[in-house]
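User: I'm new to this one. Could you walk me through a few of its features and say how each label is earned?

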Amino acid sequence: MPEIIFNGPAGRLEGRYQPSKQKSAPIAIILHPHPQFGGTMNNQIVYQLFYMFQKRGFTTLRFNFRGIGRSQGEFDHGAGELSDAASALDWVQSLHPDSKSCWVAGYSFGAWIGMQLLMRRPEIEGFMAVAPQPNIYDFSFLAPCPSSGLIINGDADKVAPEKDVNGLVDKLKAQKGILITHKTIPGANHFFNGQVETLMAECEDYLDRRLNGELVPEPAAKRIR
């Protein structure tokens with residue numbers, strides 16, 4: 001898989017990129033955990049998500065946020081990292097102008113950045129938020145959430161407690177026109193130690209069902225005049 005360097009808002013960004021053989025294939029961008037707590041694009045879950053989309057014919061990109069690996073710049077508490085993600089999507093789209101749709105998948109801190117990117121880019125039609133942290137990060141910008149997606153967490157996660165994730169899910173599930181799928185992995189902690197295979201099986205099942213045209217939200221009820 002080609003190593004690539006592309007221009008970001010704070011300098012060069014380092015990534016791994018796998019183009020699809022199909023010109024019009026959808027794009028998938030994978031976002032890594034918190035840069036100040038060891039998060040990189042080579043995180044095992046980030047790598048597995050990348051490979052999952054690649055296997056299904058997506059044009060796929062993962063990259064290091066500013067200040068990580070060979071990416072230039074310094075940690076910017078989310079604002080700069082969101083700009084990095086937007087630049088990454090711009091870069092892939094410039095190479096694949098025939099691609100009309102996109103997915104974003106993020107793990108932990110990356111899930112928060114991914115959901116913000118989702119709000120800004122209407123072409124993103126699906127998301128995966130792995131172990132999001134609504135106890136630490138504000139998700140109130142999802143008003144309303146524009147796309148259907150998967151939220152997945154472990155019930156033994158002490159970094160992002162289950163009750164906080166459930167609160168976020170309940171809020172999003174109340175919205176019309178999208179379908180939020182929520183999966184909880186019994187016994188899994190924030191790092192999915194010993195449970196990465198289970199996590200990936202759930203993510204693969206969700207993606208396959210979406211690609212098969214399942215998990216469609218119910219149409220909004222028509223108002224009777």
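Analyst: Happy to. With a relative accessibility of 0%, F192 counts as buried. Keep in mind that this is a predicted model.

User: What makes F192 count as buried?

Analyst: Buried means under 20% relative accessible area. F192 comes in at 0%, so the label fits. As for its place, F192 sits in the loop between β8 (180-185) and α5 (196-211). Its phi is near 55°, a positive value in a residue other than glycine.

User: Why mention the sign of phi at all?

Analyst: Because most residues other than glycine have a negative phi. H77 is another residue with a positive value, its phi being near 60°.

User: Is H77 buried or exposed, and how do you know?

Analyst: The cut-off for exposed is over 50%. H77 has a relative accessible area of 61%, so it is exposed. You'll find H77 in the loop between β4 (59-63) and α2 (79-95).

User: What kind of peptide bond joins A143 and P144?

Analyst: A cis one, with omega about -5°. Most peptide bonds are trans. P144 lies in the loop between β6 (124-130) and β7 (148-154).

User: Which residues does the UniProt domain annotation cover?

Analyst: The unreviewed UniProt entry gives "domain: Xaa-Pro dipeptidyl-peptidase-like" for residues 17-138. Over that stretch the chain is 34% helix and 20% strand, and the end C-alpha atoms are 30 Å apart.

Note on methods:
Residues numbered from 1 in each chain as written. Predicted model: local features only at pLDDT ≥ 70, side-chain atom pairs only at ≥ 80, totals over all residues. Heavy atoms only, no water. Helix = DSSP H or I, 4+ residues; strand = E, 2+ residues; numbered from the N terminus. Buried < 20%, exposed > 50% of the residue type's maximum accessible area, 1.4 Å probe, protein only. UniProt positions renumbered as here; feature names shortened; annotations may be inferred.
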